[in-house]
Amino acid sequence: MTLIALVAGWDVSIPPDGTGLPAGSGTVAQGAQVFTAKCLACHGPEGAGLVNDRLVGGQGTLTSAAPVKTIGSYWPYATTLFDYIKRSMPFTAPDSLTSDQVYAVTAYILAQAKIVPDDAVLGADNLAKVRMPNRDGFVPDRRPERFPAPANTPHQSLATAPAAK
Ligand code: HEC
């Protein structure tokens, strides 16, 4: 596959307002099945963490001496969660889930974090409306951007894409 073809196949990332979310929806109960089959081995029962990241819990700990960063405690937008899972999970088979499966497992994780009720149905029409606990926990950085000109950076070589085959 050429680089151009590869890039053309990428979905555009989903912004907080949900623009570009694919059609579909899923329930918490459906998400529980997806989670058990595809996520539990790494993220543990109910997303409590196992060999890989803990996904739920930690709410209210961010300003404590031992902050626990999770979907529930840290992530500001549910749309980012959908986008991240759709592109990169399961870790060993990214982009292998259908949109319905991703909506469902997103709903399941948010239900475990007590952000949506256990009978929630999440989809393209309502995912952006989910209010995440840390929604206002990020502030814009008002400092001016001062990136060195690309030619002066040590990563200069990375700016050149490999020739398309
Ligand atoms: C083979 C192990 C494995 C499986 C299976 C897996 N994950 Fe992951 N997951 C990871 C690893 C490793 C990371 C950390 C990736 C990184 O930091 O780049 C991660 C990170 C995540 C994160 C981000 C956590 C954070 O706070 O940064 C989410 C959300 C997530 N996974 C959801 C899922 C879902 C949903 C599934 C099932 C559809 C799944 N994962 C299946 C290994 C796995």
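Visitor: What percentage of the 165 residues in the protein do buried residues make up?

Guide: Buried residues make up 30% of the 165. This is a predicted model, where local features need pLDDT of at least 70, side-chain atom pairs count only at pLDDT 80 or more, and totals for chains, interfaces and linings use all residues. Residues are numbered from 1 along each chain as its sequence is written.

Visitor: Why is valine 56 called buried?

Guide: A residue is buried if 20 or more other C-beta atoms lie within 10 Å of its own, exposed if 12 or fewer, and partly exposed in between, with C-beta atoms placed from the backbone. Valine 56 has 24 other C-beta atoms within 10 Å, so valine 56 is buried.

Visitor: Why is lysine 114 called exposed?

Guide: Lysine 114 has 12 C-beta neighbours inside 10 Å, so lysine 114 counts as exposed.

Visitor: And what makes aspartate 95 partly exposed?

Guide: Aspartate 95 has 14 other C-beta atoms within 10 Å, and therefore counts as partly exposed.

Visitor: Where is valine 56 found, and which residues does valine 56 touch?

Guide: Valine 56 is in the loop between α3 and α4. Helices (H or I, at least four residues) and strands (E, at least two) are DSSP runs, numbered from the N terminus. Contact means C-beta atoms, placed from the backbone, within 7 Å. Leaving out residues up to four places away in sequence, valine 56 touches nine listed residues, including Glu46, Thr70, Ile109 and Ala113. The C-alpha atoms of valine 56 and lysine 114 are separated by 9.1 Å, though the two are 58 residues apart along the chain.

Visitor: What makes α5 mostly covered?

Guide: In α5, 12 of the 14 residues are buried. Among them are Gln101, Tyr103 and Leu110. The cover includes β1 (25–27), α2, α4 and β2 (121–123).

Visitor: How do you know what span to expect of α5?

Guide: The expected span of a helix is 1.5 Å times one less than its number of residues. α5 has 14 residues and reaches 20 Å from its first C-alpha to its last, close to the 20 Å expected.

Visitor: What is the largest nonpolar core, and which residues touch the most other members?

Guide: A nonpolar core is a set of buried Ala, Val, Leu, Ile, Met, Phe, Trp, Tyr and Cys residues joined through C-beta atoms within 7 Å. The largest one has 32 residues, and those touching the most other members include Ala78, Phe82 and Leu110. α2 (28–38), α4 (78–88) and α5 (99–112) each supply at least two residues. The largest share, nine residues, comes from α5.

Visitor: Which residues are closest to the ligand?

Guide: The closest are Cys39, Cys42, Met89, Pro90 and Phe91, out of 20 that surround the ligand. A residue is near the ligand if its C-beta atom, placed from the backbone, lies within 6 Å. The shell has 14 nonpolar, four polar and two charged residues. Here Ala, Val, Leu, Ile, Met, Phe, Trp, Tyr, Cys and Pro count as nonpolar, Asp, Glu, Lys and Arg as charged, and the others, Gly among them, as polar.

Visitor: What is the peptide bond from methionine 89 to proline 90?

Guide: This bond is cis, with omega near -5°. Most peptide bonds are trans, and most residues other than glycine have a negative phi. Aspartate 95 has a positive phi of about 65°. Phi of lysine 114 is also positive, near 60°.

Notes: Contact = placed C-beta atoms within 7 Å.
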